[in-house]
Amino acid sequence: MKVRLYCFFITCWLALIVAPVSASSDILKEAKNTYKQICSHCHGIDMINPGTSSYDLRKWPRDDRAGFIDSVKNGKGDMPAWGDILTAEEIEQLWYYVSTRGGKQPFPKDETIQKSQSIKRSRKLARFVQSNESQDKKNIKDTLTVCLDRKGGVMSGLRNIGGGTGLDYFLSKAIADELSYKLKVVWFEGEQDERGDPIREALAMLASGLCDVIPSFPLNETSVRPRVGERFFIPHLVGEPYDRGPVEFVNLQPISVSKPYIRIEMGIVLRSGVKEKSIHNLADLDGYKVGVEQDTLPSILISVHGTKKMLANTLTFNPGPAFLWKMEQGIFEAALVTTTAFDTHRRSYKITKLKMTDYRHPLGLNLAYIGLKSNQSLVDKISDVLSSFLSQGMIEKFAFKNGIHFSPPKKPYVQRRLTLSDLKMIK
């Protein structure tokens with residue numbers, strides 16, 4: 001599961017129930033005005049946007065008014081929350097504009113459609129879960145069901161011929177064996193656009209009963225805070241039709257976290273051929289052509305601690321797997337990235353020209369398993385097993401076999417929310 005930077009943490013606790021607006025030229029005019037002022041800068045004039053840097057709103061499901069309203073109010077991914085800025089009427093105007101594709105299509109009567117198709121989706125999901133359950137109903141209580149991201153890089157992945165790869169897969173299998181459980185994996189594909197939120201996707205899967213626990217959960221104050229009253233949708237499940245109908249939202253429930261089992265850190269990557277020098281802090285990158293991924297924590301740290309000369313020689317790119325490939329091509333020489341991002345790249349490109357240096361930034365995130373608070377006893381058992389595995393060096397061995405730079409968890413286990421002053425002090 002990718003660790004994403006959220007620039008805004010605004011939660012709206014008031015439920016907004018507004019009837020859909022009716023179609024008229026006046027409403028379209030107001031809707032277009034609101035869109036132009038608020039959305040066009042990122043999503044493009046008339047919604048003409050390839051979807052490479054921000055979500056292509058022309059693809060938003062026309063029967064998912066609830067999802068759209070939630071995205072605008074509370075924010076998604078890199079998009080900030082607008083619930084404290086826009087009025088309820090303005091948000092409805094935006095929905096009218098997007099759902100009619102700028103007035104080119106009829107306004108959908110999505111309230112009726114969404115209700116009926118949501119029932120169909122629930123039935124499909126129930127059948128999907130049932131088809132993946134163990135045939136031996138007597139041993140169902142001895143099964144550990146884990147949700148894993150099929151595109152989780154070195155942490156988790158699904159083989160075409162069946163079975164899994166990555167640290168989380170093999171660690172989950174070892175935990176199940178230790179507890180004398182049978183392992184069952186539910187593979188999912190996290191949303192990669194603005195609608196996606198890996199934290200709430202995980203919580204929605206737990207709340208829906210799809211799995212008992214989920215690994216690679218980042219421990220910070222924002223991720224573990226209570227989610228009372230929040231709803232989110234279940235991401236696409238492997239084996240489920242992509243055309244699954246409208247998004248189904250579930251009520252999030254209180255969670256419990258296990259003891260962390262690994263720490264994800266940030267390190268400096270250099271391209272072969274450049275002169276290496278000792279790097280003790282980010283300012284030591286002065287002299288290299290530096291690449292950064294836009295709107296990520298590494299990019300903020302570089303901008304805060306880089307020298308004027310260094311920042312003038314810095315290139316900015318959209319975040320994603322293509323970033324390090326650009327470095328392979330020689331477009332830039334140095335970068336600050338997470339160790340898992342580099343390890344995933346190295347696995348894809350065996351003959352890589354990139355090298356991870358020994359430098360590690362002091363900031364990092366511990367990862368843990370999460371389960372529902374109502375399943376506390378299972379989470380406690382997993383914590384005991386993880387403690388035993390860490391003391392025996394087993395998790396480090398799993399990491400090595402999967403090509404992962406291993407760092408043990410560090411205290412405090414839950415990272416507190418950082419301020420700009422903190423980022424300036426931590427070099």
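## Burial and the Overall Chain

A residue is called buried when its relative accessible area is under 20%, exposed when that area is over 50%, and partly exposed in between. Cys 211, with a relative accessible area of 5%, is therefore buried. This report applies these terms to a predicted model.

The chain has 427 residues, and buried residues make up 49% of them. Its secondary structure comprises 15 helices and 14 strands. The accessible surface comes to about 21,400 Å², and carbon and sulfur atoms account for 53% of that surface. Of the contacts between residues at least 6 apart in sequence, 75% join residues at least 24 apart.

## The Nonpolar Cores

In soluble globular proteins, nonpolar side chains tend to be buried together. The largest nonpolar core of this model contains 29 residues. Those with the most contacts inside this core are Leu 144, Leu 171, Ile 175, Tyr 261, Tyr 369, Ile 382 and Leu 386. At least two residues of the core come from each of strand 1 (143–149), helix 6 (167–178), strand 10 (262–271), strand 14 (354–372), helix 13 (376–392) and helix 14 (394–401). Helix 6 gives the most, with 6 residues.

The surroundings of Leu 144 illustrate how separate parts of the sequence meet. With neighbours within four places in sequence set aside, Leu 144 is in contact with several residues, including Ser 172, Ile 175 and Ala 176, as well as Leu 183, Val 213, Leu 378 and Ile 382. Charged residues also appear in the list of its contacts, among them Lys 182, Lys 184 and Asp 212.

Apart from the largest core lies another core, of 26 residues. Its members include Ala 204, Phe 232, Leu 237 and Leu 372.

## Strand 14 and Its Partners

Strand 14 is mostly covered, with 15 of its 19 residues buried. Strand 10 pairs with strand 14 in the antiparallel sense over 8 bridges. Within strand 14, Leu 367 is the bridge partner of Ile 262.

Strand 5 (residues 213–218) is also antiparallel to strand 14, and the two pair over 4 bridges. Here Phe 217 has Ala 368 of strand 14 as its bridge partner. Strand 9 (residues 255–257) runs antiparallel to strand 14 as well, joined to it by 3 bridges. Gly 371 in strand 14 stands opposite Ser 256.

## The Disulfide

A disulfide is a covalent bond between the sulfur atoms of two cysteines. The model contains 1 disulfide. Cys 147 and Cys 211 form this bond, with their sulfur atoms 2.3 Å apart. Cys 147 lies in strand 1, while Cys 211 lies in the loop between helix 7 (198–207) and strand 5, so the pair ties together parts that are 64 residues apart in sequence.

The torsion about the S-S bond is about -105°, and the disulfide is therefore left-handed. Cys 147 is buried, with a relative accessible area of 1%, and Cys 211 is buried at 5%. Another cysteine, Cys 39, also counts as buried, at 13% relative accessibility.

## Helix 3 and an Aromatic Cluster

Helix 3 (residues 65–74) is mostly covered, with 9 of its 10 residues buried. The buried residues include Arg 65, Asp 70 and Lys 73 along with Phe 68, Ile 69 and Val 72. Just after helix 3, Gly 75 takes a positive phi of about 85°.

The whole structure holds 13 aromatic pairs. In one of them, Trp 60 and Phe 68 meet edge-to-face, 5.6 Å centre to centre and with 85° between the planes. Both residues count as buried, Trp 60 at 4% relative accessibility and Phe 68 at 5%. Ring pairs link Trp 60 and Phe 68 with Tyr 55 and Trp 95 in a cluster.

## Unusual Backbone Geometry

Most residues other than glycine have a negative phi, and most peptide bonds are trans. Asp 46 is not a glycine, yet its phi is positive, at about 55°. Asp 46 is located in the loop between helix 2 (40–43) and helix 3, and is partly exposed, with a relative accessible area of 38%.

Ser 180 likewise has a positive phi, of about 60°. Ser 180 belongs to the loop between helix 6 and strand 4 (182–189), and counts as exposed at 62% relative accessibility. A cis peptide bond joins Lys 411 and Pro 412, with omega about -5°. Pro 412 is placed in the loop between helix 14 and helix 15 (420–425).

How values were computed
Residues are numbered from 1 along each chain as its sequence is written. This is a predicted model: local features need pLDDT of at least 70, side-chain atom pairs count only at pLDDT 80 or more; totals for chains, interfaces and linings use all residues. Side-chain values use heavy atoms; hydrogens and water are left out. A nonpolar core is a set of buried Ala, Val, Leu, Ile, Met, Phe, Trp, Tyr and Cys residues joined through side-chain atoms within 4.5 Å. Buried means under 20% relative accessible area, exposed over 50%, partly exposed in between (1.4 Å probe, protein chains only). Contact means heavy atoms within 4.5 Å. Accessible areas come from the Shrake-Rupley method with a 1.4 Å probe; for residues, only the protein chains shown count as cover. Two strands pair if DSSP finds at least two bridges between them. A disulfide is a pair of cysteine sulfur atoms within 2.5 Å. Rings of Phe, Tyr and Trp (its six-membered ring) pair if their centres lie within 6.5 Å; planes under 30 degrees apart count as stacked, over 60 as edge-to-face and the rest as tilted.
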